[in-house]
Amino acid sequence: MKVHIINKSKHSLPQYATAQSAGVDLCANVDSPVVIAPLGRALIPTGLYIALPDGWEAQVRPRSGVALKHGVTVLNAPGTIDADYRGEVGVILVNLGGEDFTINDGDRIAQMIFNQYGKAEFVEVDTLDSTERGAGGFGHTGV
C-alpha cells in the first residue's frame with residue numbers, strides 16, 4: 001500500500017522505528033512550545049497531509065512511553081483518518097497527569113497505523129440468531 005504524502009513540516013517523513021514496528025511516529029510541528037496543563041487538551045499539528053487508497057484508514061494512537069511517564073495520551077484514541085480526508089493530520093492530546101506537559105517542535109507525540117477495512121451492508125431483520133453469549137454485555141464473563 002502506498003500513501004501519498006505532502007510534508008509541510010520542518011521534519012523528515014514518518015518512519016518505522018524498527019523493522020517490525022506496526023506504526024510510524026508522528027512529530028509535533030509547532031512554532032513555539034505548547035504547554036498542556038493537567039486535564040487540559042490541545043490539537044497539535046504535524047505538517048503532514050496524506051491521501052490513502054480507498055478501503056484504507058490511518059489510526060492515530062498514543063505513544064506508550066509518553067502515556068506511562070507523563071499521563072499524556074491521544075484523546076480520541078484511536079483517531080481515524082478516512083481515505084477521503086485531505087487536511088492536515090493533527091493529534092488531539094490530553095494531559096491526564098498531575099504536572100504541566102510541554103510539547104516542543106519535533107517531539108514524537110503519537111503513532112500512526114494503517115488498516116484495511118470492509119464496508120458493511122445493513123440488512124434489517126426482525127430477530128437475530130442465537131449464540132452462547134446472547135445479550136451478555138460488560139462484565140458478563142466475571143472477573
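Q: What is the volume of the largest pocket?
A: The structure shown above is a predicted model, and the pocket described here was computed from its atoms. The largest pocket of this model has a volume of about 250 Å³.

Q: Which strand supplies the largest share of the lining of the largest pocket?
A: The lining of the largest pocket is made of 15 residues, and those that lie nearest its centre are Leu-43, Ile-81, Val-89, Gly-90 and Val-91. Three strands, namely β4, β7 (79-81) and β8, each supply at least two residues of this lining. The largest share, which amounts to five residues, comes from β8.

Q: How many bridges join strand β4 to strand β8?
A: These two strands belong to an open sheet of four strands, whose order is β1-β4-β8-β6 and whose pairing is antiparallel. The edge strands of this sheet, each of which pairs on one side only, are β1 (4-7) and β6 (72-74). Strand β4 covers residues 41-51 and strand β8 covers residues 88-95, and the two run antiparallel, joined by six bridges.

Q: Which residue in β8 is the bridge partner of Leu-43?
A: Leu-43 is one of the residues that lie nearest the centre of the largest pocket, and it also takes part in the pairing with β8. In that strand, the bridge partner of Leu-43 is Ile-92.

Q: Which are the edge strands of the sheet with the order β2-β10-β5-β7?
A: This sheet is open, has four strands in the order β2-β10-β5-β7, and shows antiparallel pairing. Two of its strands pair on one side only, and these edge strands are β2 and β7.

Q: Which residue in β10 stands opposite Ala-58?
A: Strand β5 (residues 56-61) pairs with strand β10 (residues 108-116) in the antiparallel sense, over six bridges. Within this pairing, Trp-56 stands opposite Gln-116. The residue that stands opposite Ala-58 in β10 is Phe-114.

Q: Which residue in β7 is the bridge partner of Ala-58?
A: Strand β5 is joined to β7 by three bridges, and these two strands run antiparallel. In β7, the bridge partner of Ala-58 is a residue that also lies among those nearest the centre of the largest pocket. That bridge partner is Ile-81.

Q: Why is β5 described as largely enclosed by the rest of the structure?
A: A residue counts as buried when its relative accessible area is under 20%. Strand β5 is largely enclosed by the rest of the structure because, of its six residues, the number that are buried is five.

Q: Is Asp-25 buried or exposed?
A: Asp-25 has its place in strand β2 (residues 24-27). Its relative accessible area is 18%, and a value under 20% is the cut-off for this class, so Asp-25 is buried.

Q: With which side chains does the side chain of Asp-25 make a polar contact?
A: Leaving aside its neighbours within four places in sequence, Asp-25 is in contact with Pro-14, Gln-15, Arg-63, Arg-108, Ala-110 and Gln-111. Polar contacts are made by the side chain of Asp-25 with the side chain of Arg-63 (3.3 Å) and with the side chain of Arg-108 (3.1 Å).

Q: Is Leu-39 buried or exposed?
A: Leu-39 lies in the loop between β3 (34-36) and β4, and, not counting residues up to four places away in sequence, Leu-39 touches Asn-95 and Leu-96. Its relative accessible area is 65%, and because values over 50% count as exposed, Leu-39 is exposed.

Q: What is the value of phi of Leu-39?
A: Leu-39 is a residue other than glycine, and its phi has a positive value. Phi of Leu-39 is near 65°.

Q: What separates the C-alpha atoms of Leu-39 and Gly-87?
A: Along the chain, Leu-39 and Gly-87 are 48 residues apart. In space, their C-alpha atoms are separated by 27 Å.

Q: Which peptide bond is cis, with omega near -15°?
A: Pro-78 lies in the loop between β6 and β7, and the bond in question leads to this residue. The cis bond is the peptide bond from Ala-77 to Pro-78.

Definitions and conventions:
Residues numbered from 1 in each chain as written. Predicted model: local features only at pLDDT ≥ 70, side-chain atom pairs only at ≥ 80, totals over all residues. Heavy atoms only, no water. Pairing = 2+ DSSP bridges. Buried < 20%, exposed > 50% of the residue type's maximum accessible area, 1.4 Å probe, protein only. Polar contact = N/O pair within 3.5 Å; in protein donor to acceptor, adjacent residues only side chain to side chain. Contact = heavy atoms within 4.5 Å. 1 Å grid on protein atoms, 1.4 Å probe; cavity = no way out; pocket = protein on both sides within 12 Å on 5 of 7 lines; lining within 4 Å. Points joined across faces, edges and corners; volume = space filled by probe spheres on them.
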